[in-house]
Every structure is written in structure tokens, then in C-alpha cells.
Amino acid sequence: EASGTEGALPFLYLLAGSVSEPVSRQAARIDSMALRMFGPGYERFRPIEGWSLATWHASQGHTGPLELLAGRMAERAEGDSVSAMISLLNTSLQGHLALARSDTSAAIDRLSSLNPIYPSNKLNYGIREVLPYERLKLAELLLAQNRFNDADEAAAVFDHPGPTIFLFFLRESLAVRAEAALAM
């Protein structure tokens with residue numbers, strides 16, 4: 001892992017960049033910074049930064065870096081002492097990888113299995129309670145399979161005034177919900 005003196009990669013830009021073109025340009029610069037911080041093959045990435053980098057690459061259709069980061073996360077997830085967070089992030093990246101390989105059934109299975117807990121009575125949220133890109137992708141995939149009620153349910157969380165990052169995903173989630181409502 002990168003040393004603490006290098007600072008944390010601003011992963012929220014990467015998540016927001018997955019759905020926002022202006023922020024995506026900043027995310028590309030952050031990816032260049034990540035290559036310097038974590039090595040040319042992302043050898044030393046920290047789990048949250050590796051996940052957010054892979055999420056951004058998935059959103060941009062960059063299959064090579066996504067495969068590399070997903071492979072590295074899978075390596076970390078192997079073994080008896082894997083944390084719940086790394087397991088969750090690995091499942092997420094395996095879902096993105098399945099989608100990149102056009103295996104929508106596997107992508108839906110993996111993204112559905114994440115089932116993040118979203119506590120409505122908390123003001124502070126950990127990344128495991130949010131997973132915004134995964135929720136949006138799942139909603140879009142369910143909509144494409146005419147599973148309208150499921151798509152609406154998956155996208156409904158973005159209406160909550162909880163995590164600020166949800167604001168970047170609100171427009172797309174409302175489009176999914178509107179299309180699902182019209183179809184129902």
C-alpha cells in the first residue's frame with residue numbers, strides 16, 4: 001500500500017466522474033496521479049482508491065485498467081483474513097468486469113448481491129452503505145431486462161438527502177425511475 005505521507009486519492013472525484021463529464025476530466029488527471037502513487041500497474045493501491053479507480057474506468061469503457069484493478073482486488077480478497085470491505089469491493093469490481101465482458105446476467109447477480117445497508121437514521125455514511133455507481137448500474141440493467149419494479153426500487157435511494165455523492169447520480173436515477181414508471 002502507498003504510505004500515509006502520500007495522502008489519499010480523492011476518490012469522490014472518480015465516483016462523480018463516472019456520471020459527470022466535467023468531473024470526468026478531473027478524474028482522468030486523478031488517474032494519472034494514481035499511476036504515480038500506486039505504480040504503473042496499480043501495485044500499491046489502497047482498496048477504496050482501487051475500487052473508485054476501477055469504477056471510473058468501467059464508466060469510461062476502459063476495459064484494460066478495469067481488468068487490471070479487478071484482478072488486483074481479487075488477489076487481495078483471497079485468503080482467510082480478508083476484510084468485509086475488501087470482499088464487498090471485490091464483488092463490485094467483478095460485477096463491473098462481467099458487464100464489460102457483456103455478461104449482464106453475471107453483472108446483475110454480482111451487483112444485486114452487494115445489498116448495501118443504507119441506514120436512514122445516520123448522518124455519516126461509509127462507502128459500503130452508498131455504492132452509488134453500482135446501484136445506478138444495477139437499476140439500468142434491471143430496466144433493460146424489463147424488471148421495472150426492481151429497477152425503480154434500485155434507483156429510488158438516490159432521492160434520499162443522505163450522502164452528498166448521491167446528487168451526482170440523481171439525474172440518471174430519475175431517468176431510470178421515470179422510464180420504469182411509464183412502463184409499469
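**Entry 1: a term before I start.** I call a residue buried when its relative accessible area is under 20%, exposed when that area is over 50%, and partly exposed in between. I am working on a predicted model.

**Entry 2: helix α6.** I used the term at once on helix α6, residues 104-114. I found A106, A107, I108, L111 and L114 buried there. Next I asked what covers these buried residues of α6. The cover includes α5 and α7. I noted one general point beside this. An α-helix has 3.6 residues a turn, so residues three or four places apart point the same way.

**Entry 3: confidence.** I checked how far the model can be read. The protein averages a pLDDT of 84. I see that 85% of the residues score at least 70. Over residues 1-7 the pLDDT is below 50. Beyond near neighbours in sequence, that stretch still has 13 contacts in the model. I take those with care: where pLDDT is low, the predicted coordinates should not be read in detail. I then went through the helices. Confidence is lowest in helix α1, residues 11-17, at a mean of 84. The highest value is 95, in helix α7, residues 132-144.

**Entry 4: the whole protein.** I counted elements next. There are nine helices and zero strands. From the N terminus on, I read α-α-α-α-α-α-α-α-α. The protein has 184 residues, and 46% of them are buried. I looked at contacts with a separation of 6 or more in the protein. Residues 24 or more positions apart account for 60% of those. The exposed surface comes to about 9100 Å². Carbon and sulfur atoms supply 52% of that surface.

**Entry 5: helix α3.** I turned to helix α3, residues 47-60. It has 14 residues and reaches 20 Å from its first C-alpha to its last. That is close to the 20 Å expected at 1.5 Å a residue. Is α3 mostly covered or mostly open? Mostly covered: 11 of its 14 residues are buried. I listed the buried residues of α3 as P47, I48, E49, G50, W51, S52, L53, A54, T55, W56 and H57. They pack against α1, α2 (21-38), α4 (63-77), α5 and α7. Just after α3, I found G61 with a positive phi of about 75 degrees.

**Entry 6: two residues of α5.** I picked I86 and S92. I86 lies in helix α5, residues 84-100. Its relative accessible area is 15%, so I86 is buried. Which residues does I86 touch, not counting those up to four places away in sequence? I found P47, M73, R76 and A77. I also took the distance to P47, a buried residue of α3. I86 and P47 are 39 residues apart in sequence, yet 6.5 Å apart in space, C-alpha to C-alpha.

S92 is found in helix α5 too. S92 has a relative accessible area of 0%, so I put it down as buried. Leaving aside neighbours within four places in sequence, S92 is in contact with W51, L111, L114 and E134. I recognise W51 from the buried list of α3. L111 and L114 are among the buried residues of α6.

**Entry 7: an arginine over a ring.** R76, one of the contacts of I86, came up again. R76 lies over the face of F45, at 4.3 Å from the ring centre.

**Entry 8: aromatic pairs.** I searched the whole structure and found two aromatic pairs. F158 and F166 form an edge-to-face pair. Their centres are 5.0 Å apart and the angle between the planes is 65 degrees. Both F158 and F166 are buried. The rings of F158 and F169 have centres 5.7 Å apart and planes at 20 degrees, so I logged this pair as stacked. F158 lies in the loop between α8 (148-155) and α9 (166-183), and F169 in helix α9, so the pair ties together parts that are 11 residues apart in sequence. F169 is buried, as F158 is. I wrote down F158, F166 and F169 as one aromatic cluster.

**Entry 9: D152.** My last look was at helix α8, where D152 has its place. I asked whether D152 is buried or exposed. The relative accessible area is 18%, so D152 counts as buried, the cut-off being under 20%. Not counting residues up to four places away in sequence, D152 touches R177, A180 and M184.

Conventions. Residues are numbered from 1 along each chain as its sequence is written. This is a predicted model: local features need pLDDT of at least 70, side-chain atom pairs count only at pLDDT 80 or more; totals for chains, interfaces and linings use all residues. Side-chain values use heavy atoms; hydrogens and water are left out. pLDDT is the predictor's confidence in each residue, from 0 to 100. Helices (H or I, at least four residues) and strands (E, at least two) are DSSP runs, numbered from the N terminus. Contact means heavy atoms within 4.5 Å. Buried means under 20% relative accessible area, exposed over 50%, partly exposed in between (1.4 Å probe, protein chains only). Accessible areas come from the Shrake-Rupley method with a 1.4 Å probe; for residues, only the protein chains shown count as cover. Rings of Phe, Tyr and Trp (its six-membered ring) pair if their centres lie within 6.5 Å; planes under 30 degrees apart count as stacked, over 60 as edge-to-face and the rest as tilted. A charge sits over a ring if NZ of Lys or CZ of Arg is within 6 Å of the ring centre and within 35 degrees of the ring normal. The expected span of a helix is 1.5 Å times one less than its number of residues.
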